[in-house]
Amino acid sequence: MAAVAEISGEAASAKNSNLDSMSKPMPESKSEFDVQKLVDMFTKLNPLAKEFFPSSYSPQHHSTFENSLAVNNNKLSANGNQANSRRRTNNFNQGKRRLSGRAYRAERENSIRRTVYVSDIDQQVTEERLAAIFSSCGQVVDCRICGDPHSVLRFAFVEFADEYGARAALSLGGTMLGYYPVRVLPSKTAILPVNPTFLPRSEDEREMCSRTVYCTNIDKKVAQADVKNFFETACGEVTRLRLLGDHVHSTRIAFVEFAMAESAILALNCSGMLLGTQPIRVSPSKTPVRPRVTRPLH
């Protein structure tokens, strides 16, 4: 019994010693002490002291910096004003474009009302003769014959100066032109205007037009020399040729001027023939082939 009591007393004393050790505060580490010391030192420093300013600092530099800030702020405000004015200008231009678009559509609709569609036209009828016949209804502004010259029957658009002429022209339906009676109906499309700067300006240029043909659907792989050789072989001497094209369209066009008007008439029969890999279309030209103007080098 005495031994058991001795053992339990030793256990109790050990337990009490453990509790005493846990209740005592742990000593702070050296690193935590150093950090706290630095914090205390920095709190005592004066940030406005002279040694905190760099040696390059001066009141002039400070004023220059403030001035630069003011200039930048002015630039930003000016850019903002310019953006606003540009936005207002763009809105105004868009309004003008909308107005011009409405004006264009109104003009186009007016042109359609002044135009008639004429079909079943004999291939021997020329634009001049067709315009002369319809001039009895009113002033003819434009006349375009379309279709393949090889076709027996073609069609045309005749535009008048006013709607009264177009309405009067409907009465000419059934009139014999050549071997066939023509049909006249109100047009659903307007005639695409020709740039007036390209039209003949003198009697000499009108004579040039009689010797010139307009060729379309030309293969892009065909060179200008090949086009000239094609028409000279089939029709006669070519005095001037203008081959035109761009990167948008898959084919090109050409204006071919011959030495003789008879050659131009023969060239109309070449419509549908293959030039390269494409069948070309040939029609009389409304514009002469003017010589290129050489500009002086600066």
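User: Is Glu203 buried or exposed?
Analyst: The class follows from relative accessible area, computed with a 1.4 Å probe on protein chains only: buried is under 20%, exposed is over 50%, and partly exposed lies in between. Glu203 comes to 54%. That value makes Glu203 exposed.

User: What kind of model is this?
Analyst: Residues are numbered from 1 along each chain as its sequence is written, and side-chain values use heavy atoms, with hydrogens and water left out. Local features need pLDDT of at least 70, side-chain atom pairs count only at pLDDT 80 or more, and totals for chains, interfaces and linings use all residues, since the model is predicted.

User: Which residue forms a salt bridge with Arg206?
Analyst: A salt bridge needs a side-chain nitrogen of Lys or Arg within 4 Å of a carboxyl oxygen of Asp or Glu. Arg206 is partly exposed at 43%. Its closest N and O atoms in the bridge are 3.3 Å apart. The partner is Glu203.

User: How many residues apart are Arg206 and Glu203?
Analyst: Helices (H or I, at least four residues) and strands (E, at least two) are DSSP runs numbered from the N terminus. Both residues sit in helix H6, residues 203-210. About one helical turn separates them, because their spacing in sequence is 3 residues.

User: What is the N to O distance between Arg167 and Glu163?
Analyst: These two lie in helix H5 (residues 163-169), 4 residues apart, about one helical turn. Arg167 is partly exposed at 48%, and Glu163 is partly exposed at 27%. Their side chains meet in a salt bridge, N to O, at 3.6 Å.

User: Which residues share a salt-bridge network with Glu207 and Arg211?
Analyst: Start with the pair itself: Arg211 and Glu207 form a salt bridge, with the closest N and O atoms 2.8 Å apart. Arg211 is buried at 11%, whereas Glu207 is partly exposed at 40%. Bridges with shared partners extend this into one network, which also takes in Arg240 and Glu257.

User: How many salt bridges does the whole structure hold?
Analyst: The Arg206 and Glu203 pair is one kind of contact that meets the rule. A search of the whole structure gives a total of 11.

User: Why is Cys146 not in a disulfide, and how many disulfides are counted?
Analyst: A disulfide is a covalent bond between the sulfur atoms of two cysteines. The rule used here asks for two cysteine sulfur atoms within 2.5 Å. The closest cysteine sulfur to that of Cys146 is in Cys143, 9.1 Å away, so the gap is too far for a bond. The disulfide count is 0.

User: Which strands stand at the edges of the four-stranded sheet?
Analyst: Two strands pair if DSSP finds at least two bridges between them. The 4 strands form an open, antiparallel sheet in the order E8-E9-E7-E12. Each edge strand has a single partner, so one side of each lacks a neighbour in the sheet: these are E8 (238-244) and E12 (281-284).

User: Which residue in E9 stands opposite Cys215?
Analyst: Strand E7 (residues 212-219) pairs with strand E9 (residues 251-258) in the antiparallel sense over 6 bridges. Opposite Cys215 stands Ala254.

User: What angle does helix H7 make with E8?
Analyst: Axes are lines fitted to C-alpha atoms, for helices over the stretch in contact, and angles run from 0 to 180 degrees between N-to-C directions. Contact means heavy atoms within 4.5 Å. Helix H7 (residues 224-234) packs on the sheet and touches E7, E8, E9 and E12. Its direction and that of E8 make about 135°.

User: How many aromatic pairs are there, and which ring pairs with Tyr214?
Analyst: Rings of Phe, Tyr and Trp (its six-membered ring) pair if their centres lie within 6.5 Å; planes under 30 degrees apart count as stacked, over 60 as edge-to-face, and the rest as tilted. The count comes to 6 aromatic pairs. One of them is tilted, at 5.1 Å centre to centre and 40° between the planes. In that pair, the partner of Tyr214 is Phe255.

User: Which kind of pair do Phe231 and Phe258 form?
Analyst: Phe231 lies in helix H7 and Phe258 in strand E9, so the pair ties together parts 27 residues apart in sequence. Both Phe231 and Phe258 are buried. The ring centres are 6.1 Å apart and the planes stand at 75°, so the pair is edge-to-face.
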